[in-house]
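Thanks, everyone. I have one structure to go through today, so please look at the screen.

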Amino acid sequence: MRTSRSALTWAAERFEMEIVPFRITDRYLYHLDCCFFRISEEAVLLCTSVADPVCLRALERHCEIIDVSLEHARAGITSCLQLPGEVLCESDIKLGKASHSYATEKTKIERLENICSRFGRELRVFCMPEFYKSGAQLSCLIMHIRQLTDGARRQPNVATRQGAR
């Protein structure tokens with residue numbers, strides 16, 4: 001277990017939010033980002049085959065769930081980075097048919113292109129073969145501190161600006 005129940009309880013109370021615990025049961029999907037990706041404010045990509053039915057029902061109350069296959073989850077379809085108007089995805093598809101995972105990568109990218117198109121996002125695919133050798137995906141390089149979507153920007157409040165002088 002990577003996250004304790006007490007940490008989840010603390011976060012829920014501290015930030016006044018509902019936390020839906022998600023137990024990861026697949027040995028190749030090490031973290032939540034390996035099976036879950038928020039594509040918009042209202043929709044997420046989720047490998048439902050590894051989700052507990054109770055957890056799945058709880059998530060369905062909050063957002064649309066777009067199911068992704070276990071094969072695509074393991075290939076990194078949810079291990080992306082969302083920027084305003086675009087989604088970055090790592091793939092070795094650019095290595096061509098010589099890649100042992102070409103067929104899976106091809107269908108993964110086609111599926112992700114369709115999903116991105118539906119949500120008005122442009123898909124950007126690139127290859128990180130040296131990093132991937134360590135077993136990690138693009139999302140392993142990212143720390144989401146505050147994610148604003150659709151180009152939204154927050155104005156700093158007056159107290160913050162004055163306090164910074």
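I will start with where the model comes from, then take the strands, the core and the cysteines.

This is a predicted model, in which local features need pLDDT of at least 70, side-chain atom pairs count only at pLDDT 80 or more, and totals for chains, interfaces and linings use all residues. Residues are numbered from 1 along each chain as its sequence is written, and side-chain values use heavy atoms, with hydrogens and water left out.

Helices and strands here are DSSP runs, numbered from the N terminus: H or I of at least four residues for a helix, E of at least two for a strand. When I say buried, I mean under 20% relative accessible area, with exposed over 50% and partly exposed in between, using a 1.4 Å probe and protein chains only.

Helix α1, residues 5-14, is hardly covered, and of its 10 residues the buried count is one. Just after α1, E16 has a positive phi of about 50 degrees.

Now strand β2, residues 43-46. Which of its residues are buried? A43 and L45 on one side, and V44 and L46 on the other, are all buried, and both faces are therefore covered. In a regular strand, side chains alternate between the two faces of the sheet.

Strands count as paired if DSSP finds at least two bridges between them. β2 pairs with β1, residues 36-38, in the antiparallel sense over three bridges, and F36 stands opposite L46. Those two strands form a hairpin with four residues between them. With β3, residues 64-67, β2 pairs in the parallel sense over four bridges; there V44 stands opposite I65.

On to the core. A nonpolar core is a set of buried Ala, Val, Leu, Ile, Met, Phe, Trp, Tyr and Cys residues joined through side-chain atoms within 4.5 Å. The largest one has 30 residues, and those touching the most other members include F22, L45, V87 and L123. Helix α4, residues 102-118, gives the most to this core, with four residues. Leaving aside neighbours within four places in sequence, L123 is in contact (heavy atoms within 4.5 Å) with V87, C89, I109, L112, E113 and C116.

Last, the cysteines. How many disulfides are there? Zero, where a disulfide is a pair of cysteine sulfur atoms within 2.5 Å. For C35, the nearest cysteine sulfur is that of C47, 6.6 Å away. Why is C116 not bonded to C80? Because its sulfur is 7.2 Å from the one in C80, the closest cysteine sulfur, which is too far for a bond. C35 counts as buried at 1% relative accessibility, and C116 is buried with a relative accessible area of 1%.
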